[in-house]
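Q: I would like a close look at one charged part of this model and at how it sits within the chain as a whole. Please take it slowly, and keep to what can be read from the coordinates.

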Amino acid sequence: MIKEGLSYISSTVVTDEKCAASMGSGNLMVFATPAMIALAENAAMMAVADSLPAGSTTVGGGIDMLHLRPSGVGATIEATATVTSVEGRKISYELKVCDANGVIGEGTHVRFVVDSEKFMQKIAAKG
């Protein structure tokens, strides 16, 4: 059962490939906002993964994220996602992203529980 308070921490090390200049979201060799968002979404997905019914997964439905400070190549980044509410299939999260110097990003995220097979069948039917 998915409940408020479930959380997970996903971590990564900033590499050249995860920098804004490499990802096309900027021209500096600093941790890219898209990479930060992907890490935070991973934490949210993992926070509830063990609580889902068999054959189910979650898909992202929206994210509101602030990237507050830069992090350079070699920095270790941790994203924490904590479930703040559950309304049927809708799960809301609080997100916090940190490096060794403190918070670098924060926001909120919404995910929805879906049946994996049915979801992919709908995509296949669309071509």
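In which loop does R89 lie?

A: In this predicted model, R89 lies in the loop between strands β3 (76–87) and β4 (90–99). R89 belongs to a positive surface patch, which it forms together with K118, K122 and K126. The three lysines of that patch carry numbers that fall within helix α3, residues 116–126, and the patch therefore joins a loop residue to residues of a helix. As a general point, an α-helix has 3.6 residues a turn, so residues three or four places apart point the same way.

The helix itself deserves attention, since α3 is hardly covered: among its eleven residues, the count of buried residues is zero. Its two ends can each be described by one local feature. At the start of α3, a side-chain oxygen of D115 comes to within 3.2 Å of the backbone nitrogen of E117, while just after the helix G127 takes a positive phi of about 85°.

To place this helix and its patch in context, it helps to step back to the chain. The protein chain has three helices and five strands, and from the N terminus on its elements run β-α-α-β-β-β-β-α; the helix at the end of that order is α3. The C-alpha trace spans about 40 × 40 × 20 Å along its principal axes, and of the 127 residues 31% count as buried.

Opposite charges in the model can be considered next, and in general side chains of opposite charge can pair when their charged atoms come close. A search of the whole structure finds two salt bridges. One of them is formed by E41 and R111, whose closest N and O atoms are 3.2 Å apart. This pair links distant parts of the chain, with E41 in helix α2 (residues 33–49) and R111 in strand β5 (residues 102–115), 70 residues apart. The two partners fall into separate classes of accessibility, because E41 at 26% relative accessibility counts as partly exposed, whereas R111, with a relative accessible area of 5%, is buried. R111 also has a contact with T58, since a polar contact of 2.8 Å joins the side chains of these two residues. T58 lies in strand β2 and, at 5% relative accessibility, counts as buried. The side chain of R111 is thus described by a salt bridge to E41 and by a polar contact to T58.

The other salt bridge is that of R69 with D99, where the closest N and O atoms are 2.9 Å apart. This pair, too, links distant parts of the chain, R69 being in the loop between β2 (56–67) and β3 and D99 in strand β4, 30 residues apart. R69 counts as partly exposed because its relative accessibility is 29%, while D99 at 12% counts as buried, the limit for that class being under 20%.

Beside the charged features there is also a nonpolar patch on the surface, formed by L66, L68 and V103, with about 240 Å² of accessible area together. Of its members, L68 is placed in the loop between β2 and β3, and with a relative accessible area of 44% L68 is partly exposed. The loop between β2 and β3 thus holds both L68 of the nonpolar patch and R69 of a salt bridge.

A few distances between C-alpha atoms give a further sense of how separate stretches are arranged around α2. A47, which lies in helix α2 and is buried with a relative accessible area of 9%, is 33 residues from T80 in sequence and 9.0 Å from it in space. D50 is found in the loop between α2 and β2 and, at 81% relative accessibility, counts as exposed; its C-alpha atom is separated by 8.9 Å from that of I2, 48 residues away along the chain. D64, in strand β2, is exposed with a relative accessible area of 53%, and the C-alpha atoms of D64 and A44 are 13 Å apart, with the two positions 20 residues apart in sequence.

To return to the starting point, R89 in the loop between β3 and β4 shares its positive patch with K118, K122 and K126, and helix α3 has no buried residue.

Notes. Residues numbered from 1 in each chain as written. Predicted model: local features only at pLDDT ≥ 70, side-chain atom pairs only at ≥ 80, totals over all residues. Heavy atoms only, no water. Buried < 20%, exposed > 50% of the residue type's maximum accessible area, 1.4 Å probe, protein only. Helix = DSSP H or I, 4+ residues; strand = E, 2+ residues; numbered from the N terminus. Polar contact = N/O pair within 3.5 Å; in protein donor to acceptor, adjacent residues only side chain to side chain. Patch = residues over 30% accessible without salt bridge, like charges linked within 9 Å, V, L, I, M, F, W, Y side chains within 5 Å. Areas by Shrake-Rupley, 256 points an atom, 1.4 Å probe, with all protein chains shown as cover. Salt bridge = Lys/Arg side-chain N within 4 Å of Asp/Glu carboxyl O. Lys, Arg positive; Asp, Glu negative; His and termini not counted. Charge placed at Lys NZ, Arg CZ, Asp CG, Glu CD.
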